[in-house]
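Let's walk through this model together, starting at a pocket and working outward along the strands around it. Keep the viewer open as you read.

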Amino acid sequence: MTSSMDRRALLTRAALGATGLIAASAMGSLAPEAAFAASTEVLEPGAPDPNFAEGLITGRNQDLLQVQGSDGRLHKIQLTGVTSVWKLRPTTIDQARIGDGLYARGVKLPDGVLAAESVWINIVNLDVMINSIGRTGLNLDHHGQKVVGHVQEGITAAVYNGTPAISDLSMLKVGRHVQVIGAWRPGTNEIDLATIYAAN
């Protein structure tokens, strides 16, 4: 396992343009659930995690993203050759667009830039109720707001009672509460579904 000092050195070298021989997935989990994991570092109560950023992408200069956080803070996020990128599926850094939402974990460099180890673009994690089920998607309710969930062939999977994920969605039931992880379609109430967690 890579120590935090090794990780910091590797990401710093990558941010400065050095060639890395390590696969991005070796840096940490790219599973969408990891975007919502708690920090493993001990922080003062109420202090923001310096190695985490979230918000909307407002600018891009090659591999440097400017992000406006939901709390008003501005972040600069450096994507490197070892950055893992998720946008409904593992993908590449060229999929980041202005207007996309983002979560990023990495290492804060001395100049304040976050050298990203993992980036999740447009990821959402919602507790919803299923209003209706169609061939290509689900109509969902999230605290009174309608959400359209699009099933993506070869990607969308369901986890029933903690069992391994399967592509069979036939056990989903109207009126049941589920947790969904997916990718938001900016400017809409629609998401592409990655994983649906349901109790049977």
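The second largest pocket has a volume of about 190 Å³. A pocket here is found on a 1 Å grid over the protein atoms alone, as an open set of points where a 1.4 Å probe fits, with protein on both sides within 12 Å along at least five of seven lines. Grid points are joined across faces, edges and corners, and the volume is the space filled by probe spheres set on the points. This is a predicted model, so local features need pLDDT of at least 70 and side-chain atom pairs count only at pLDDT 80 or more, while totals for chains, interfaces and linings use all residues. Residues are numbered from 1 along each chain as its sequence is written, and side-chain values use heavy atoms, with hydrogens and water left out.

What lines the second largest pocket? Its lining residues (those with an atom within 4 Å of a point) are Glu54, Gly55, Leu56, Ser70, Gly101, Leu102, Tyr103, Asn122, Ile123, Val124 and Trp184. By type, the lining splits into 6 nonpolar, 4 polar and 1 charged. In that split, Ala, Val, Leu, Ile, Met, Phe, Trp, Tyr, Cys and Pro count as nonpolar, Asp, Glu, Lys and Arg as charged, and the others, Gly among them, as polar. Strand 1 (52-61), strand 6 (101-108) and strand 8 (123-133) each supply at least two residues of this lining. Strands (E, at least two residues) and helices (H or I, at least four) are DSSP runs, numbered from the N terminus.

Take strand 1 next. It pairs with strand 6 in the antiparallel sense over 5 bridges; two strands pair if DSSP finds at least two bridges between them. Along this pairing, Phe52 has Arg105 of strand 6 as its bridge partner, and Glu54 stands opposite Tyr103 in strand 6. Glu54 and Tyr103 both appear in the pocket lining, too. Strand 1 is also joined to strand 2 (residues 64-68) by 5 bridges, again antiparallel, with Gly59 bridged to Gln66 in strand 2. The hairpin of strand 1 and strand 2 has 2 residues between the strands, and there Gln62 takes a positive phi near 55 degrees.

Now follow strand 6. This strand is mostly covered, with 6 of its 8 residues buried, where buried means under 20% relative accessible area (1.4 Å probe, protein chains only). Strand 6 and strand 7 pair antiparallel over 7 bridges, and Val107 stands opposite Ala115 in strand 7. Their hairpin has 5 residues between the strands, and Gly112 takes a positive phi near 90 degrees there.

Phi deserves a short detour. Most residues other than glycine have a negative phi. Asn122, in the loop between strand 7 (114-121) and strand 8, has a positive phi of about 60 degrees although it is not a glycine. Asn122 counts as buried because its relative accessibility is 3%. Leu88 also has a positive phi, near 75 degrees, and is found in the loop between strand 4 (84-86) and strand 5 (90-91). At 8% relative accessibility, Leu88 counts as buried.

Further along the chain, 6 bridges join strand 9 (residues 137-142) to strand 10 (residues 145-151) in an antiparallel arrangement, including His142 with Gln145. Their hairpin has 2 residues between the strands, and His143 takes a positive phi near 50 degrees. Strand 10 also pairs with strand 13 (residues 190-198), in the parallel sense over 4 bridges, and Gly149 stands opposite Ile191 in strand 13.

Strand 13 is home to Ile196, which counts as buried because its relative accessibility is 0%. Beyond four places in sequence, its contacts (heavy atoms within 4.5 Å) include Leu138, Val159 and Leu172. Ile196 and Leu172 lie 24 residues apart along the chain, with their C-alpha atoms separated by 9.1 Å.

Finally, zoom out. The chain has 1 helix and 13 strands, and 42% of its 200 residues count as buried. Its average pLDDT (the predictor's confidence in each residue, from 0 to 100) is 83, and 78% of the residues score at least 70. Over residues 1-5 the pLDDT is below 50, and this stretch has 2 contacts beyond near neighbours in sequence. For residues 10-29 pLDDT stays under 50 as well, and the model has 32 contacts there beyond four places in sequence.

Note on methods
Buried < 20%, exposed > 50% of the residue type's maximum accessible area, 1.4 Å probe, protein only.
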